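Dear colleague,

I am handing over the structure below, and I would ask you to keep it open beside this message while you read. My notes on what was found follow directly after it.

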Amino acid sequence: MIETPSLVDQYCHGVLRTELGLGTFEAQLARTEGPPAPGTTLFDTQTGFAVRRWCPPLLGLEPHCPPALYLARRRELGVLEAGRRLLRGSGITTYLVDTGLPGDLTGPADMARDGDAEAREVVGLELLAEQVADTSGTVECFLANLAESVHGAAADAVAFASVAGVGHGLALASEPPGPGEVRGAAGRWLAGRRVGGPLTDPVLLRHLLWIAVASGLPLQLHAGLGGPGSRIDHTYPALLTDFARATAGLGTDLVLLHGYPYHRHAAHLAGVFPHVYADSGAALVRTGARAATVLAEILELAPFGKILFSTGAHGLPELHVVGACLFREALDRVLGTWVADGAWSPEDAQRVARMVAADNARRVYGLG
Amino acid sequence: MIETPSLVDQYCHGVLRTELGLGTFEAQLARTEGPPAPGTTLFDTQTGFAVRRWCPPLLGLEPHCPPALYLARRRELGVLEAGRRLLRGSGITTYLVDTGLPGDLTGPADMARDGDAEAREVVGLELLAEQVADTSGTVECFLANLAESVHGAAADAVAFASVAGVGHGLALASEPPGPGEVRGAAGRWLAGRRVGGPLTDPVLLRHLLWIAVASGLPLQLHAGLGGPGSRIDHTYPALLTDFARATAGLGTDLVLLHGYPYHRHAAHLAGVFPHVYADSGAALVRTGARAATVLAEILELAPFGKILFSTGAHGLPELHVVGACLFREALDRVLGTWVADGAWSPEDAQRVARMVAADNARRVYGLG
Amino acid sequence: MIETPSLVDQYCHGVLRTELGLGTFEAQLARTEGPPAPGTTLFDTQTGFAVRRWCPPLLGLEPHCPPALYLARRRELGVLEAGRRLLRGSGITTYLVDTGLPGDLTGPADMARDGDAEAREVVGLELLAEQVADTSGTVECFLANLAESVHGAAADAVAFASVAGVGHGLALASEPPGPGEVRGAAGRWLAGRRVGGPLTDPVLLRHLLWIAVASGLPLQLHAGLGGPGSRIDHTYPALLTDFARATAGLGTDLVLLHGYPYHRHAAHLAGVFPHVYADSGAALVRTGARAATVLAEILELAPFGKILFSTGAHGLPELHVVGACLFREALDRVLGTWVADGAWSPEDAQRVARMVAADNARRVYGLG
């Protein structure tokens, strides 16, 4: 039996503060472009089945109970109390919370209190830049404020995260853009932008990534499965190779989030570049009963000191629970099988489990 | 034990009407560019081994008997009687038969009679366009007849299928081509074409796909493993993303056939877009003893209401048998394991099995 | 129990002749761009764990003993004696040794003597061309010597190998470059080159590949995982499709090395083209405890007569041991499971095992 007394969720979001009905809950189970097809439901997915397996017992119900029964019980307890029971039942001891997505989600302090755990902030670069743009009158002012904001955020946060970078190949060129190029792009963006408008300009994204690299904080980059509007072949981790090569030796670590269905490729990069790390968790929430296989695929090429657990959970504390439970069960099954086969020693298996569950993240993010 | 009393083969072809020798039978086991390498045989493939496992008992022989013995027995029974025994032994209750490939193959009515099953027609778009071209004297006549033929076919068929579309990236642009562009392409194609010449012009293929979308019938698109002359990275399902986004909400479903080795990517698209479905069967015939794993990989990201069984069989009734047997066994093994592990409830497993085996296809294709 | 009395390692390198310390040994366990990240070690990889599992018993130690203890024992025996014990313990009966990489490695004769086995040479095309360039004064002289050297090497070697070809898409165009193009490229390369300078010009690489094709010897092409400085998506086997189609029927076989993480795609090409073969070994050394799954994935699409075993080992005899042990164990597990499930007959399983382990390689390389 592999044990992981500590569990550092190196990438997640907060949870929704409002009561949810069956439909609003279901909408959080997957990232789709449109409502479920007629005659189908997002509860009939690996994520939906995993939620129904792991979460009802934490609220006093039988595993696999019907969604409507579960939602009724959740509302009966109230969003706050249900959230507390779920987060505390997850076994996660530290949350690194990306605050860079829109929506009324709990922050790191809430997650720490509700989950009876440690919590630290991961700053989303795109939202930071958009907020700076909202309050900067001129290009010069924007660029100065941007540099200062990233620098300031680095004092408290444990990492920066970028969602958009990987989807824009040009943003990952192997050199920062020149000052004139940046000023031109900033001018065009600010001129055409309304308050709250998203940052998608590849030159500015590239500028932003290189400012973040200069901060020395680990930089988390989304790869593989993206949100609505993205195209999966544009988030192929191999597209990061040149950026990884260009940032080698600068003292800043790159963490590839998600990866799936390119997790073997992400693991490969973690094997080639000393400063590149691979995420082993977020994909498990999406693949449910297949989590052990997906985890095993990540464990093929990535050195064991370069793999980090996360849930990637967003909106529902159920997803933190599922991410943690699937990870622990998958780790136990995969490493346990290798020990039973004689391929690994029991001591090595236990040591690797603790590295992936917590110790690697503690070292990379400088946690206590 | 998972049960699937109904089995809708949502994509297959008819079978050859002539007696086959060892060599002509072997040539149907794989899609190659050239004869087997010296010293090798296509019987030594997953498909060949699967045929030798499942089919001999249906003709009164031992499993895994030598190919020559099997072929002798097959000829002894005669192609018609052997085909009847095989198709009736497959457990398939409905065949959706693509009549759009060349060759003297049985049609839907034959399949229904020989297999003691229901059968409906899937109309291949490329062959339809080629037949229209064979009988149209002018560009205007061709384009008018083409629209009318597609419209007419939609009255009886349950779906349209396109083989060539995915191999020609331009054919999948996110807008239909303009009328002038279509006329120009049609003129060039008709002028350079002899009777029977294949349609490969990307503008005309694009035009054809959009006419089919307008019909409202489900549109089956080949992705992944293609036939001779294709290049596998040109059939990457991610290349369909823009076309899927452009056709969302128009009321026409897209069904991605095959998928393998990109079946995880096809499943992803089925998860993102409400009108996109993933095929779970044709890849199994090619991967034989590995069918359970391939099926499990499709079950990672695709919502369970978006997965459809097929055999993709062509030419040999043995391939319908193998497709059905591998699917049922793989489904039983994969879902049965998840139930045994506590990951899924027995009721959910049984429900999902029936959805994938038949119910999803009944809903998508409007079967009785 | 599947038995493989003969084992032909169809692609490996020699071993280092010098005593190794912990750090120099560790550096051979993976191909990285830079030293291990602080707090990590390359012993904590699948390859490192596999070495610790299989090799200590061959030197009289317990499996999974600490690296420092193993290295101390290795130095105690001496590099020559340790190498002998390891190679002779691998079970490999024939080594095909690529002599085309730099470094002071043992050659085929050493491998035969130390390993008590047969050994034949595989000639690396790039190194051959570089050596010819070192000693050729003019473009005409270089090109004439190059053709003669390839022709001469073909008399003794069993195969040619190209590392760089796949990384340079243009090198794999479907026609040889014209004489003027070759002369121009050779002139530019020789003019800008110092002695020992590597060949990376795509026109010359293409020229070289086509000279090799004309020799009739099997041509081994690296695909998938490459060395430092490469980019994995540039070694995608599908990029070889046009070259494979262009060389079909010329009488020269192409062997795709490595493949992983694109081994399913490499297996697909081996299924489509009669003269294309897939390597089933080198990926196992990198994936260790996952070897059975990776091997099974290769066995999906590749005809069983088209799969060849190798270790891809380089520098450490431990890697030859690990490659051979992982392969035999994986083969036994994968085929044994299929036999137990009734999917394959025991006779077929044994026959396929011997084909992949040795017989296919004997046929392709014309070994006695």
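Across the interface of chain B and chain C, seven salt bridges are found, and please bear in mind throughout that this is a predicted model. One of the salt bridges joins Glu33(B) to Arg245(C), whose closest N and O atoms lie 2.7 Å apart. Polar contacts also cross this interface, where 17 residue pairs, both members being at pLDDT 80 or more, are found.

Turning to the chain B side of this interface, the elements that give two or more residues to it are helix H2 (46-54), helix H12 (282-287) and helix H13 (291-301) of chain B. The largest share, four residues, comes from H2(B), and the residues on this side of chain B divide into 11 nonpolar, 11 polar and 11 charged.

As for the extent of the interface, 33 residues from chain B and 35 residues from chain C take part in the contact, while the area buried between the two chains is about 2900 Å², with carbon and sulfur atoms giving 53% of that area.

Which residues have the most contacts inside the largest nonpolar core? They are Leu335(A), Leu335(B) and Leu335(C), and the core to which they belong has 354 residues. If you would like to follow one of them in the viewer, Leu335(C) is in contact with Ile2(C), Leu299(C), Trp344(C), Ala349(C), Val352(C) and Ala353(C), once its neighbours within four places in sequence are left aside.

With best wishes

Conventions: Residues numbered from 1 in each chain as written. Chains lettered and ligands numbered in written order. Predicted model: local features only at pLDDT ≥ 70, side-chain atom pairs only at ≥ 80, totals over all residues. Heavy atoms only, no water. Contact = heavy atoms within 4.5 Å. Buried area = accessible area lost by both parts, 1.4 Å probe. Salt bridge = Lys/Arg side-chain N within 4 Å of Asp/Glu carboxyl O. Polar contact = N/O pair within 3.5 Å; in protein donor to acceptor, adjacent residues only side chain to side chain. Nonpolar A, V, L, I, M, F, W, Y, C, P; charged D, E, K, R; others polar. Core = buried A, V, L, I, M, F, W, Y, C linked by side-chain atoms within 4.5 Å. Buried < 20%, exposed > 50% of the residue type's maximum accessible area, 1.4 Å probe, protein only.
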